[in-house]
Amino acid sequence: MAEEATQPDVDETSTVATDDFGASAIQDEIILEVDDLRTYFATRWGTVKAVDGVSFILRKGETLGIVGESGSGKSVTSLSLMRLVQSPPGHIVGGRVVLNGRDILQISEGEMTKVRGGEISMILQDPMSALNPVFDVQDQVGEAIRIHQKVKGKTLIDKIVYALRQVRIPAPEIRMKDYPHQLSGGMRQRVVGAIGISSNPSVLIADEPTTSLDVTIQAAYLRLLREIQAEAGLGIIFITHDFGIVAKMCDRVGVMYAGRMVETGDVRDIFNHPQHPYTQALIASVPKLEEKTERLFSIEGQPPALYNLPQGCAFAPRCPYVMDICREEFPPEFDQGGNQRAACWKLDGGKRLEEAVPEATGAGAGV
Ligand SMILES: Nc1ncnc2c1ncn2[C@@H]1O[C@H](COP(=O)(O)OP(=O)(O)O)[C@@H](O)[C@H]1O
Ligand code: SF4
Ligand SMILES: [Mg+2]
């Protein structure tokens with residue numbers, strides 16, 4: 001994103017005119033490195049290991065999808081990256097989150113306040129709850145800009161208008177006087193997006209940003225995120241339970257199950273030859289275009305409760321390929337070539353990534 005408040009010439013209709021989601025804008029530079037992240041909740045039932053050994057990297061201009069059923073630890077992962085886990089009962093008990101070269105789990109809360117919504121920013125699931133109904137758009141976008149860029153007056157207004165233009169809000173000088181209830185769902189989502197990108201972040205986390213939108217709005221919004229990314233070289237972590245959206249949006253994907261990443265790799269590889277039985281089931285349950293269904297998952301059984309998890313593979317009770325060893329030992333990661341790796345005993349005999357397996361609990365695959 002450009003620092004200055006110049007206003008690019010934007011054609012407001014162009015974002016919905018094409019079906020092409022755009023070429024990837026990945027660059028080599030690693031902007032975020034998450035290593036063995038563990039976030040636990042102390043509950044009366046026991047310790048909930050919501051995130052238990054998650055590792056991945058994110059490059060400039062790249063979109064990493066994190067996909068998994070409800071309760072698999074996706075949101076707790078993103079809240080951990082923002083250091084916004086409710087505490088108590090939650091605690092980040094281990095790992096590193098290295099953003100632009102420094103571990104943000106080690107900095108003071110005061111410093112983190114500058115990083116949060118600055119270098120790393122998050123778009124929440126529900127645009128209505130992310131916006132305050134009693135303030136107009138100008139106030140809400142302006143607040144985010146004021147905090148991080150310390151500008152006011154005409155410069156602030158220019159930056160607000162610029163941010164709204166970036167998310168293709170037509171006539172931003174007029175619309176910025178609107179209150180959230182005066183905007184359509186799609187426009188509200190764009191305002192939330194404008195707040196997210198207004199601080200020129202390196203990393204944008206989009207946690208299920210499309211769930212409350214209809215399909216046409218979703219497609220336009222996802223395309224918009226890709227366009228902004230191409231312009232700004234932004235790294236995006238895109239969190240969803242919908243593998244169909246991952247296919248369109250993401251460069252790489254990490255599949256989460258029970259607080260761990262069980263398979264990771266380039267989207268193309270994961271779609272063409274998923275190796276982990278859970279990934280295979282997720283992909284098999286993606287609704288086809290012609291089927292109008294809300295049901296995205298048809299995997300037998302329920303995800304496990306994340307306290308007192310049995311030893312071994314957490315997917316074992318639902319897995320059609322389960323073997324004795326699966327119930328005894330957590331599966332290590334096996335290299336599947338390219339960037340693909342999966343943690344499943346079925347792949348034993350392949351190249352084992354010993355170094356990725358911690359001693360006691362076992363970890364998920366690093367992307
Ligand atoms: N405040 C909390 N207290 C206790 N458990 C929590 C809390 N927040 C999340 N969890 C637990 O963490 C697990 C992962 O939740 P979450 O990350 O929200 O899943 P997802 O986003 O994948 O649907 C769930 O089992 C949930 O019950
Ligand atoms: S380790 Fe065993 S139970 Fe787990 S996914 Fe692989 S085959 Fe299934
Ligand atoms: Mg969630």
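## Exercises on a predicted model

Helix H7 covers residues 185-197, 13 residues in total, and spans 19 Å between its first and last C-alpha, close to the 18 Å expected at 1.5 Å a residue. The expected span is 1.5 Å times one less than the number of residues. Helices (H or I, at least four residues) and strands (E, at least two) are DSSP runs, numbered from the N terminus.

This is a predicted model, in which local features need pLDDT of at least 70, side-chain atom pairs count only at pLDDT 80 or more, and totals for chains, interfaces and linings use all residues. Residues are numbered from 1 along each chain as its sequence is written, and chains are lettered from A and ligands numbered from 1 in the order in which they are written.

**Exercise 1.** Decide how far H7 is enclosed by the rest of the structure.

*Solution.* Start with the term: a residue is buried if 20 or more other C-beta atoms, placed from the backbone, lie within 10 Å of its own, exposed if 12 or fewer, and partly exposed in between. Eleven of the 13 residues of H7 are buried, so the helix is largely enclosed. Among them are Met187, Arg188, Gln189 and Ile197. For the protein chain, with its 367 residues, the buried share is 46%.

**Exercise 2.** Find the order of strands in the open sheet that contains E1, and say which strands stand at its edges.

*Solution.* Two strands pair if DSSP finds at least two bridges between them. Four strands line up as E2-E1-E4-E5, with antiparallel pairing. E2 and E5 (102-103) are at the edges with a single partner strand each, so one side of each has no neighbour in the sheet. Inside the sheet, E1 and E4 (residues 90-99) are joined by eight bridges. Asp35 stands opposite Arg96 in E4.

**Exercise 3.** Describe the surroundings of Ile160.

*Solution.* First locate the residue: Ile160 is in helix H5 (residues 153-166). Next count neighbours: 27 other C-beta atoms lie within 10 Å, so Ile160 is buried. Then list contacts, meaning pairs whose C-beta atoms, placed from the backbone, lie within 7 Å. Beyond four places in sequence, Ile160 is in contact with Gln138, Val141, Gly142, Ile145 and Met176. Gly142 is 18 residues away in sequence, with a C-alpha to C-alpha distance of 5.9 Å.

**Exercise 4.** Which residues are closest to ligand 1, and which element gives the most to its shell?

*Solution.* A residue is near a molecule if its C-beta atom, placed from the backbone, lies within 6 Å of it. Ligand 1 is surrounded by 16 residues, the closest being Phe41, Ala50, Lys74, Ser75 and Val76. Strand E1 (30-43), strand E2 (46-59) and helix H1 (74-81) each give two or more residues. H1 gives the most, with three residues.

**Exercise 5.** Describe the unusual backbone geometry in the loop between H1 and E4.

*Solution.* Begin with the background: most residues other than glycine have a negative phi, and most peptide bonds are trans. Pro88 is in this loop, and the bond from Ser87 to Pro88 is cis, with omega near -10°. Pro89 is also there, and the bond from Pro88 to Pro89 is cis, with omega near 10°. Arg83, likewise in this loop, has a positive phi near 55°. Arg83 has 18 C-beta neighbours inside 10 Å, so it counts as partly exposed.

Methods. Contact = placed C-beta atoms within 7 Å.
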